[in-house]
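Trainee: Could you walk me through one part of this structure, slowly and in plain words? I'd like to see how it fits with its surroundings.

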Amino acid sequence: MKFKVDGHEVYASTGGRPFDKNKPLIIFVHGSGLTHMTWVLQTRYFAFHGYSCLALDLPGHGLSGGESLKSIEDMADWISKVIESVGFKEASLVGHSQGCLVTVECTARYPDKIKTLSLMGGAGAIPMNKELLSLAENNDPKAVDLMMDWAHGPAGHFGGHPVPGLYHINTGGMLAKSRTIKNTLGVDFRACDNYKNGFEAAKKIKIPTLSILATDDKMCPVKEGKKLADLIEGSKVDIIDNCGHMMLLEEADRVLKVLKNFITKNYPAKKVIN
Amino acid sequence: MSDKDKKGTKPNTYKFDTLSLHAGYQPHKNAGSRQVPIYQTTSYLFDDVDHAAALFNLERGGHIYSRISNPTVAVLEERVASLEGGTAALATSSGMSAIFLAVMTLCEAGDHLVVSSQLYGGTVNLFRLTLPKFGIKCTFVKPRDTEGFKKAIQKNTKGIFGELVGNPGNEIMNMPEIAKIAHDAGIPLMVDATYQTPYLCKPFEHGADIVIHSLTKWMAGHGSSMAGILVEGGKFDWMQNDKFPTMTAPYEGYHGLSFAEEFGPTAFTMKARAEGMRDFGPCLSPQNAWNVLQGIETLSVRMKKHCSNADEMVKYLSSHESVAWVSHPNVPDHPDHELAKKLLPNGRGSMIAFGIKGGKDAGVAFINNVKLASHLANVGDTRTLVIHPASGTHSQMDEATLKFAGLSHDMIRLSVGIEDIDDIKNDFEIGFRAARKPRLVSNQ
Ligand SMILES: Cc1ncc(COP(=O)(O)O)c(C=O)c1O
């Protein structure tokens, strides 16, 4: 569906069911240079099971208008505005990679609005490889190819996508190339590299939090993910073996199972009054 | 993500020969079986009713019924998608059904396609005679007439379709320019790349949006199994205009799903499977998928030999006293020689057409007397194949249609195999000898 935030059109997938203001809201925040489509194997499940889902395209990404936001802090504020714009007072957040930085910062800034937080392939900071950053800022498609290489674990490199016939390295690459690389990936990588507040923000989080980490994640290794999780009171950690950073595609079913248990327990799909 | 973790600045994703052997398959998820298992089953257990509903609603990936998808077939699909540089693929029971599904996913009654006139005969029939029965009309354009493709585009045109190297005339379509014409008009380019395989050409790198293969041919190589596939490039934006409501509008068959919004770079394949395969049903058997996988394992090794043998045969035929003319992109005076070198740097393929001196009778004598080359209606076998279209594949066509398809009575079509080159040449000598004295040699 489409709606407006700060005068710009925002696109979000509702997971194949009509957006319903009476169902609890889950917002999915994609990683650097990507789009709502990375969440297709999570959103549709929740949308068919009593939730209102919004898998967002960040400004300037996917089908959304406007320009890419330049800092993680701006993205965090923007998520809060999204919740208001669609007529909700509260939401659960799910983030992947850069989306984890954004949702952690957003939860710390708006503690009353956010009810649960699920982090996939997250870390307290994501300092960028300098060469990758420069390739992305110079609009070089090699940045996407490198990202797809590093973001998939050894098993993911062979393929074996849960959706028959999809080859995920190329699918992810095509998503990241769907708009001008320097305006999406380039801006996002710089925002990640600049963001320093992750660990401080984490200490402020008091809501149920889940971290899903993957043993073969080179972008945000388990060690880094755990460092962040340790700072969040009572946070739960689940580690997926034989899987890389693109866990939401590489091991979509295992990720969904963990996420489903966590969200249905901590944020049940009962009717909400907004 | 620290710099020291990185393997250097080159992406280390697997390359062509490795993907040919490994893509789409993880042994540890299949009881450690090194070879891809043949899942000879029609249907798959659901964990519970929730799981069943999730699969039907496309909430989760997985298999329901082998008409829609099958784990062995899925390995083949991913493997070909990876080799082509595509996002997704859908395998079908034959090359023809892949073309049909691609068209039916793209078009509705009232739509129009611009189509190259130099196509496999079966494809010509589909576009000329069968699709009009579904209300889909086509305008044929000669493959070299690049401007003609532009002029033929109408308001209701939904795509351009062609074979990179036309059959059997070996005329080459200027794929990059025709892709630009298609994209300027907001429509996709579909390319049947059966004759090239991704080893010789990856059409997505030259602007194509959908690639189709008859896997029956070089991809499998062994000539044992019928199979086809459609592959999606993932770049085409279905939402750029209002030409593709079948991709963008809410689809009743799946709770108002918009394939383009939900699946973006894999929308076409998802739609072709969810609707086309569901409703028309030309699914590939797991056994045939497995057979094709065996062939793909050696694709690059075989294609190299096909091409080097074809190069030798072009030289041999070009200087042969019994041969009137030779058509292959390697022949220096072939009108598309330079374009072929650009689009097909790894080799120009193993299809040769040549004219035999003495016309139709000589052609018949040649075909009836060769012993090693097989006379049959196929191409792309590892064995050398010959046919005389005027009396074989295209014998149903009248004089005018024959000419339209670029054929002549003296033409012999040769699909060069990977036998020892001297044995192929010796066999041809027997054929040519008979052709020079057709009446003195018995025609069994
Ligand atoms: C170029 C081309 N496309 C498509 C086909 C049809 O494929 P199949 O015979 O697998 O249906 C053929 C068959 O000869 C072909 O040569």
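In which sense do strand β9 and strand β12 of chain B pair, and over how many bridges?

Mentor: Happy to! Keep in mind that we're looking at a predicted model. Strand β9 covers residues 351-356 of chain B, and it pairs with β12(B) in the antiparallel sense, over five bridges. As a bit of background, strands of a sheet pair through backbone hydrogen bonds, either parallel or antiparallel. If you want a spot to look at, find B:I352: its bridge partner in β12(B) is B:L414.

Now bring in another strand. β11, residues 385-387 of chain B, also pairs with β12(B) in the antiparallel sense, here over three bridges. Look for B:L385, which stands opposite B:S415 in β12(B). So β12(B) has pairings with both β9 and β11 of chain B.

What about β12(B) itself? It runs over residues 411-415, and five of its five residues are buried, so the strand is largely enclosed by the rest of the structure. Buried here means under 20% relative accessible area. Try looking at the two faces in turn. On one side you'll meet B:M411, B:R413 and B:S415, on the other B:I412 and B:L414, and all of them are buried, which leaves both faces covered. Two of those names should ring a bell: B:L414 is the bridge partner of B:I352, and B:S415 is the residue opposite B:L385.

Next, go back to β9 and pick out an aromatic ring. A search of the whole structure finds 27 aromatic pairs over all chains. For a comparison case away from our strand, take B:F127 and B:F161: their pair is tilted, with 4.9 Å centre to centre and 50° between the planes. B:F127 lies in helix α5 (residues 121-130) and B:F161 in strand β4 of chain B, so that pair ties together parts 34 residues apart in sequence. Both B:F127 and B:F161 are buried.

Our own β9 has a pair too. The ring centres of B:F354 and B:F428 are 6.2 Å apart and their planes are at 45°, so this pair is tilted. B:F354 lies in strand β9 and B:F428 in helix α17 (residues 421-436) of chain B, so the pair ties together parts that are 74 residues apart in sequence. As for accessibility, B:F354 is buried, at a relative accessible area of 0%, and B:F428 counts as buried at 0% as well.

To put it together: β9 pairs with β12(B), and its B:F354 pairs with B:F428 of helix α17.

Methods
Residues are numbered from 1 along each chain as its sequence is written. Chains are lettered from A and ligands numbered from 1 in the order in which they are written. This is a predicted model: local features need pLDDT of at least 70, side-chain atom pairs count only at pLDDT 80 or more; totals for chains, interfaces and linings use all residues. Side-chain values use heavy atoms; hydrogens and water are left out. Buried means under 20% relative accessible area, exposed over 50%, partly exposed in between (1.4 Å probe, protein chains only). Helices (H or I, at least four residues) and strands (E, at least two) are DSSP runs, numbered from the N terminus. Two strands pair if DSSP finds at least two bridges between them. Rings of Phe, Tyr and Trp (its six-membered ring) pair if their centres lie within 6.5 Å; planes under 30 degrees apart count as stacked, over 60 as edge-to-face and the rest as tilted.
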